Amino acid sequence: MAAEMVKAATSDKLKEMDWAKNIEICELVAQDPGKAKDVIKSIKKSIGSRSKSTQLFAVMLLEMLLNNCGEPIHRQVIDNGLLPILVKIVKKKTDLPVREKIFLLLDATQTSLGGAKAKFPQYYEAYYELVSAGVQFSNRPNVVVTRAEVPVPEPRTEPNNESLATRLNEAQQEVHTQPAPDASIVQKASSVMEVLRDVLNSMDPRHPEGATDEFVLDLVEQCTFQKQRIMHLVMTSRDEMVVSQAIELNEELHKVLVRHDALLSVHPTTTVPSNIKEEEEEEDAESLYRR
């Protein structure tokens, strides 16, 4: 059953990640940790596929499991020898999206677990091996993603972006005081969503070049990740108030992501030279006089 679910979730026939199927697999492991072994074995097989799409979907599924299912998954990744395979893929010079995704996932996981002195230091060792080998992705800002915090891009020189990054950082610190994990997830997702919404509100719809700015793209990536966590929260939380907030927040996250997509599809309007406008006005006046 688990193998079939993973196969469906990582099929190269998919055009995009199957969120529902991935959540279903997370639910399966959460309810029966014994299924983690079969799930990781199947993911290992998919990661070894020749299909780039299957590899990427498998890594995305693994990310979701690591973020939401905890120790059973962490242990099976180690026991099934998946970490050396991930390291080997990243060291290759091809398949950039998969390599980058794995590198960031290893960084996120080893950080959230506590690094070299954690219960599972193997994740730190895998990440450190890549860093020592000089692996880096120069087209990305220096972002450290952890389960406990919302990732924050490097401060930018623009005043608006600096203030927004500061707000996001302050929101993270407030989150640490939240005793309830579910409430914390909602607040973190809400914080990053509000920052992205403010950024989009400040853009001129006719000149949306800022929508491709690295700072904005990082916020979009964070919102996408938080939307994934909110969807899982809706499925798993027993707190009716939290579920209600999560459903509403999921809709808001969807709206702001759709809005960003709309800005990306807009072609900047070109300004008409003033002399052409004047000629058109003169022609209109002349034609009106003739009538």
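This report walks through the helices, cores and a few individual residues of a predicted protein model.

Some ground rules before the tour. Because the model is predicted, local features need pLDDT of at least 70 and side-chain atom pairs count only at pLDDT 80 or more, while totals for chains, interfaces and linings use all residues. Residues are numbered from 1 along each chain as its sequence is written, and side-chain values use heavy atoms, with hydrogens and water left out.

**Overall picture**

The protein has 13 helices and zero strands; here helices are DSSP runs (H or I, at least four residues) and strands are E runs of at least two, numbered from the N terminus. Reading along the sequence therefore gives α-α-α-α-α-α-α-α-α-α-α-α-α. Of the 291 residues, 43% are buried, where buried means under 20% relative accessible area, exposed means over 50%, and partly exposed is in between (1.4 Å probe, protein chains only). The accessible surface comes to about 16,400 Å², with 50% of it belonging to carbon and sulfur atoms; areas come from the Shrake-Rupley method with a 1.4 Å probe, and for residues only the protein chains shown count as cover.

As for contacts (heavy atoms within 4.5 Å), take those in the protein with a separation of 6 or more: 71% of them come from residues 24 or more positions apart.

**The cores**

A nonpolar core is a set of buried Ala, Val, Leu, Ile, Met, Phe, Trp, Tyr and Cys residues joined through side-chain atoms within 4.5 Å. The largest one here holds 45 residues, and Ile 43, Leu 62, Leu 65, Ile 73 and Val 77 are the members touching the most others. Two or more residues each come from helix H1 (2-9), H2, H3, H4, H5, H6, H7 and H8. H4 is the top contributor to this core, with 10 residues. Apart from this core lies another, of 25 residues, including Val 192, Met 203, Leu 219 and Leu 253.

Back to Leu 62: setting aside residues up to four places away in sequence, Leu 62 touches Ile 40, Ile 43, Val 77, Leu 82, Leu 86 and Leu 105.

**Helix H5 and its cover**

H5 spans residues 71-79, and Ile 73, His 74, Gln 76 and Val 77 are buried in it. The cover over those buried residues includes helix H2 (19-31), helix H3 (36-47), helix H4 (52-69), helix H6 (82-91), helix H7 (96-113) and helix H8 (122-132). Just after H5, Gly 81 adopts a positive phi of about 65°.

**H1 against H3**

Two packed helices are described by the angle between their axes and the distance between the axes. For H1 and H3, the axes come within 8 Å and cross at roughly 35°; axes are lines fitted to C-alpha atoms, for helices over the stretch in contact, with angles from 0 to 180 degrees between N-to-C directions. The crossing is right-handed, as the near helix is turned clockwise from the far one by less than a right angle (anticlockwise would be left-handed). At the meeting point, Ala 2, Ala 3 and Val 6 in H1 face Asp 38, Val 39, Ser 42, Ile 43 and Ser 46 in H3 as contacts.

**Three residues with distant partners**

The table pairs each residue with one that is far off along the chain.

| Residue | Partner | Sequence separation | C-alpha to C-alpha distance |
|---|---|---|---|
| Val 220 | Leu 196 | 24 residues | 7.1 Å |
| Ile 85 | Lys 44 | 41 residues | 8.4 Å |
| Asp 182 | Arg 229 | 47 residues | 9.9 Å |

The contacts below leave aside neighbours within four places in sequence. Val 220 sits in helix H11 (residues 214-236) and counts as buried because its relative accessibility is 15%. Val 220 is in contact with Leu 196, Leu 257 and His 260.

Ile 85 lies in helix H6 and is partly exposed, with a relative accessible area of 27%. Ile 85 touches Lys 44 and Ile 47.

Asp 182 belongs to helix H10 (residues 181-201) and is also partly exposed, at 25% relative accessibility. Asp 182 contacts Leu 233, Ser 237 and Val 242.

**Cysteines**

How many disulfides does a search of the whole structure find? Zero, a disulfide being a pair of cysteine sulfur atoms within 2.5 Å. Why not Cys 26? Its closest cysteine sulfur, in Cys 69, is 4.4 Å from the sulfur of Cys 26, which is too far for a bond. Cys 26 counts as buried at 0% relative accessibility, and Cys 223 counts as buried at 0% too.
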